[in-house]
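Please open the structure in a viewer and keep the selection tool at hand. The tour below proceeds from one selection to the next and states what is found at each stop.

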Amino acid sequence: ALKAEFSTCGHRERNTVDTRMNHQQHTCCKTHGGLPAAGDVGSVAHAADELPVARSCPCESTAVTSDRSLAIHPTRDAAGSAASTSSRPPRASRPSGPRRIVGQAVPDDIRNNEALQKAIAILPSNYNFEIEKTVWRVRQAKARKIALQFPEGLLMYACVIADILESFAGIECAMIMGDVTFGACCVDDFSAAALDAEFLVHYGHSCLVPVSKTSIPCMYVFVDIKMDVEHLVSTVELNFDVSSRIILAGTIQFASSLHAAKSLLEGAGFVNITVPQSRPLSRGETLGCTAPVVPGAWDAIVFVADGRFHLEALMIANPNVPAYRYDPYGREMTLEVYDQVGMRAQRQLAIEKARGARHWGLILGTLGRQGNPKILERIKEMMRAKQVTYTLVLLSEISPQKLEMMSARIDAFVQIACPRLSIDWGDGFEKPTLNPYEAFVALGEVPGFFEAGGADYPMDFYSSGGGAWNASWHKS
């Protein structure tokens, strides 16, 4: 059964799909923003009322004690680092300073540290912050000062994690970087280095910028979140026929759950399930600017996320496939609709207006690593070849109000930051504001999605197989 529910965005409307599982929100969902834990009260349309135990990531830390009474600052074990390397053969001396390449095996003196395990237990048990691995990596790097970078949804845990690392990783200071972080494109190793940090830990996103390219040693923590996989599987079983061809995807936090759900669905008779990949992203992972085009005919997208920003990229890349979003917190599935025709008409109009521009505003985003200098140089070459002039602008956050103040002598802008700024908010700008792909079309380098010989609107900004306009660090 479907009931229409109009969304506030002009491009979008959604319908709520009845999962036929009358679930009451759990207390832990309200207090921690987490997911239901085993034993919470709630009713589902399963054969058993008990919530299933979520499958854990292979690299997840060992079980921890439930005693949460320990203070965050226990006495440090000065012998910890020495004990962790006692079984290794001696190595040649290395230059002083943080090491970039380190081993991955977490030693037993960290895994079995009772005080550390009690400190970790303060954090939500279904969020894998990889504390043990982080302690080991920071110790190996011999860093004295580290920086921690979180998206806003995880900032509530920042102080606890900083205290744990200061207590157990042998560092003098853990700095929390509080600037807005939209994605892995915002990894801010430059600011961390300017603050004399010797190591950066970036939480909540995959590694778009390789650790070999960052200015200081960097570690990415995906923050795998355990969810009720069996409820997702039961919801799919109740709303789709076993013969349905389903694309299963989501955000990086739920990647391990996607694969567990695929296995369970195949065991239940769903033989046409695919978890697509757009390299270098993990299989099933989708970004707001990068999503795979899945060839063939498909009946539905089932996307696991608590919002629809990332799903929209997959919908744009596969415009003819109906999309459903499963919210692992509210445990409901909704039919999501995107105005594909309206979006493409709006972007075509902006491109055609920009083709007559004689003076451009060329914006390089400075929020972390959003702005890619290689794309900047390529577009500058294209403009010089077309004999059009430009003004170079550096901006950390791009808004219609900011560009309006600079638009008196500028005919059009191209922003090398987030492609979705132009797609989602393009009609809010006074002058045409294009993303790199649209600039390539406006400057005549490639045919547009609305022209003969042009491919459909791409969502490949960080794909290793993307077009010349994309920002992938994984292309030669």
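Select Arg 331, which sits in the loop between strand 12 (323-327) and strand 13 (332-338). The model is a predicted one. Is Arg 331 buried or exposed? Its relative accessibility is 2%, and the limit for a buried residue is under 20%, so Arg 331 counts as buried. Now add Asp 228 to the selection: the side chains of Arg 331 and Asp 228 are joined by a polar contact of 2.4 Å.

**The whole chain**

Next, select the entire protein chain and colour it by secondary structure. The chain contains 15 helices and 17 strands. It has 476 residues, of which 54% are buried. Among the contacts with a separation of 6 or more, 68% are between residues 24 or more positions apart.

**Helix 10**

Select residues 309-317, which form helix 10. Of its 9 residues, 7 are buried, so this helix is largely enclosed by the rest of the structure. Which residues of helix 10 are buried? They are Leu 311, Glu 312, Ala 313, Leu 314, Met 315, Ile 316 and Ala 317.

Keep Glu 312 selected and add Arg 308, Arg 325, Glu 336, Arg 420 and Asp 424. These six residues are linked in a network of salt bridges.

**The sheet of strands 15, 14, 16 and 17**

The next selection is an open sheet of 4 strands. Its order is 15-14-16-17, and the pairing is parallel. Strand 15 and strand 17 are the edge strands, each pairing on one side only.

Begin with strand 14 (residues 359-365) and strand 15 (residues 389-395), which pair in the parallel sense over 7 bridges. To go from strand 14 to strand 15, the chain passes through helix 12 (residues 373-385), and this β-α-β crossover is right-handed. Within the pair of strands, select Gly 361; opposite it, in strand 15, stands Thr 391.

At another part of the sheet, select strand 16 (residues 412-416) together with strand 17. These two strands pair in the parallel sense over 2 bridges. Select Phe 413 and then Thr 433 in strand 17, which is the bridge partner of Phe 413.

While the strands are displayed, a general point may be kept in mind: in a regular strand, the side chains alternate between the two faces of the sheet.

**Lys 431**

Select Lys 431, in the loop between helix 14 (419-425) and strand 17 (433-434). What is the nearest side chain of opposite charge to Lys 431, and how far away is it? It is Glu 430, at 5.2 Å; Lys 431 is buried yet has no salt bridge. A salt bridge requires a distance within 4 Å, so the separation of 5.2 Å does not qualify.

Now show the surroundings of Lys 431. Its side chain reaches the backbone oxygen of Ser 407 at 2.7 Å. Leaving aside residues up to four places away in sequence, Lys 431 touches Ser 407, Ile 410, Asp 411 and Phe 413. Phe 413 was already selected above as the bridge partner of Thr 433.

**Salt bridges**

How many salt bridges does the structure hold? There are 18. Three of them are suggested for selection.

- Select Glu 377 and Lys 380, whose side chains meet in a salt bridge (3.4 Å, N to O). Both residues lie in helix 12, 3 residues apart, about one turn of the helix. Glu 377 is partly exposed at 38% relative accessibility, whereas Lys 380 is buried at 15%.
- Select Glu 445 and Arg 378, which form a salt bridge with the closest N and O atoms 3.1 Å apart. This pair links distant parts of the chain: Glu 445 lies in the segment after helix 15 (436-442) and Arg 378 in helix 12, 67 residues apart. Glu 445 is partly exposed, with a relative accessible area of 36%, and Arg 378 is partly exposed as well, at 31%.
- Select Arg 139 and Asp 109, a salt bridge whose closest N and O atoms are 3.4 Å apart. The two residues are 30 residues apart and link distant parts of the chain, with Arg 139 in helix 5 (residues 131-141) and Asp 109 in helix 3 (residues 108-111). Arg 139 is buried, with a relative accessible area of 17%, whereas Asp 109 is partly exposed at 24%.

Methods:
Residues numbered from 1 in each chain as written. Predicted model: local features only at pLDDT ≥ 70, side-chain atom pairs only at ≥ 80, totals over all residues. Heavy atoms only, no water. Buried < 20%, exposed > 50% of the residue type's maximum accessible area, 1.4 Å probe, protein only. Pairing = 2+ DSSP bridges. Right-handed = clockwise from strand over helix to strand, strands pointing away. Lys, Arg positive; Asp, Glu negative; His and termini not counted. Polar contact = N/O pair within 3.5 Å; in protein donor to acceptor, adjacent residues only side chain to side chain. Contact = heavy atoms within 4.5 Å.
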